Every structure is written in structure tokens, then in C-alpha cells.
Amino acid sequence: MAKILIVEDNALNIKLFCDLLEAHGHQPEAVTDSRNALDVARDFSPDLVITDIQLPHVSGLDLIRMLRADEQLAEVPIMAVTAYAGRGDEERVRAAGAQAYVSKPISVVKFAETVEELLPHDHGETTVPEEKMDPGSSQG
């Protein structure tokens, strides 16, 4: 189970994101006021942050930059979500430090796939991938 922080000011989007994440076995935590997002992130220690870009008070771009500048949170993957997908937006979002960019209205399948791609996959067995990488190395 991954801990996923959602920074979103729209209640319907929060419900949708939380329901989707819970259905995939994750633990979502929603923040509606971006001014509180950094403190909540420090306390929650998320495995992934999903943030809207168009937020009141602190924009999603500014929040991404703040997360990247924070020693505790700098390595946490970030997925940006926005309803205003204009020319150059994805480049600005990625330049700020987000690993993924999803436009609204979201595709449920695309959302779930992107979340899984961004989550660290070191929860559990590490020997299986090593064996697959070089199947002949243990024989001698």
C-alpha cells in the first residue's frame, strides 16, 4: 500500500482520486488548501504527490518547486493534474520537477497507470528482478 498525497481544491476531484486510489489498495490523504500542503506532506511522508496546477493561494507549480527544495520530500515523485492544458504547460510542469502530467478530465485508466508507473516498486522482493536481469549469472 502506497501513501499518496492529493493536493486539490475541487471536492469532486478529491472524491474521484481518493476512490480510485483506495480501489487500487493505496492510502490517499487529501489537502484542499495548498498553503498547508508542504506541512501535511512532511507529516504524511507520501510515496507520491498528486497536485492540481490551478490552485488558489500557492499554485501547483510553486508547490512542486517547494517540494523539490525540501530535503525530506525532494525525491518523492510528483504527478501534476490540470484542466488547462495549453501549449508549453507540460514543459513548465516537468521543468518545475514533476515526473508526470495528466490533463483533466482524467482518463481513469491513464490516471491509474500513471500512479503505478510513478510509485517506487521496492516494496518486497528484490531477488526476482535480479534473477531476471541475468539468468545465467548464478550458474558456474
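The following exercises, with worked solutions, concern the sheet, the helices packed on it and single residues of this structure.

The model is predicted, with local features needing pLDDT of at least 70 and side-chain atom pairs counting only at pLDDT 80 or more, while totals for chains, interfaces and linings use all residues. Residues are numbered from 1 along each chain as its sequence is written, and side-chain values use heavy atoms, leaving out hydrogens and water.

**Exercise 1.** State the order of the strands in the open sheet and find the strands at its edges.

Solution.
- Strands are DSSP runs of E with at least two residues, and helices are runs of H or I with at least four, both numbered from the N terminus.
- Two strands pair if DSSP finds at least two bridges between them.
- Five strands make up the open sheet, in the order 2-1-3-4-5, with parallel pairing.
- Strand 2 (27–31) and strand 5 (100–103) each have a single partner strand, so one side of each has no neighbour in the sheet.
- On average, neighbouring strands are turned by 20 degrees against each other, direction ignored.

**Exercise 2.** Which residues pair across the bridges of strand 3 with strands 1 and 4, and which way do the residues of strand 3 point?

Solution.
- Strand 1 and strand 3 run parallel and are joined by four bridges; Val-7 has Thr-51 of strand 3 as its bridge partner.
- Strand 3 and strand 4 are also parallel, with four bridges; the partner of Ile-50 in strand 4 is Met-79.
- In a regular strand the side chains alternate between the two faces of the sheet.
- In strand 3, Leu-48, Ile-50 and Asp-52 point one way, and Val-49 and Thr-51 the other way.
- Five of the five residues of strand 3 are buried, where buried means under 20% relative accessible area, exposed over 50% and partly exposed in between (1.4 Å probe, protein chains only).

**Exercise 3.** Describe the pairing of strand 4 with strand 5, then identify the strands touched by helix 3 and by helix 5.

Solution.
- Strand 4 (residues 78–82) pairs with strand 5 in the parallel sense over four bridges, and Val-81 stands opposite Val-102 in strand 5.
- Helix 3 (residues 60–69) packs on the sheet and touches strand 1 (3–7), strand 3 (48–52) and strand 4; contact means heavy atoms within 4.5 Å.
- The direction of helix 3 makes about 155 degrees with that of strand 3. Angles run from 0 to 180 degrees between N-to-C directions, and axes are lines fitted to C-alpha atoms, for helices over the stretch in contact.
- Helix 5 (residues 108–118) also packs on the sheet, touching strand 1, strand 3, strand 4 and strand 5, at about 160 degrees to the direction of strand 4.

**Exercise 4.** How do the axes of helix 2 and helix 3 cross, and which residues meet there?

Solution.
- The axes of helix 2 (residues 37–44) and helix 3 come within 10 Å and cross at roughly 40 degrees.
- Helix 2 is therefore oblique to helix 3. Angles under 35 degrees count as roughly parallel, over 145 as roughly antiparallel, 65 to 115 as roughly perpendicular and the rest as oblique.
- Ala-37, Leu-38 and Ala-41 of helix 2 meet Leu-63, Met-66 and Leu-67 of helix 3.

**Exercise 5.** Is Pro-28 buried or exposed, and which residues does Pro-28 touch?

Solution.
- Pro-28 lies in strand 2.
- With a relative accessible area of 14%, Pro-28 is buried.
- Leaving aside residues up to four places away in sequence, Pro-28 touches Ile-4, Ile-6, Cys-18, Leu-21 and Glu-22.
- The C-alpha atoms of Pro-28 and Leu-5 are separated by 5.8 Å, at 23 residues apart along the chain.
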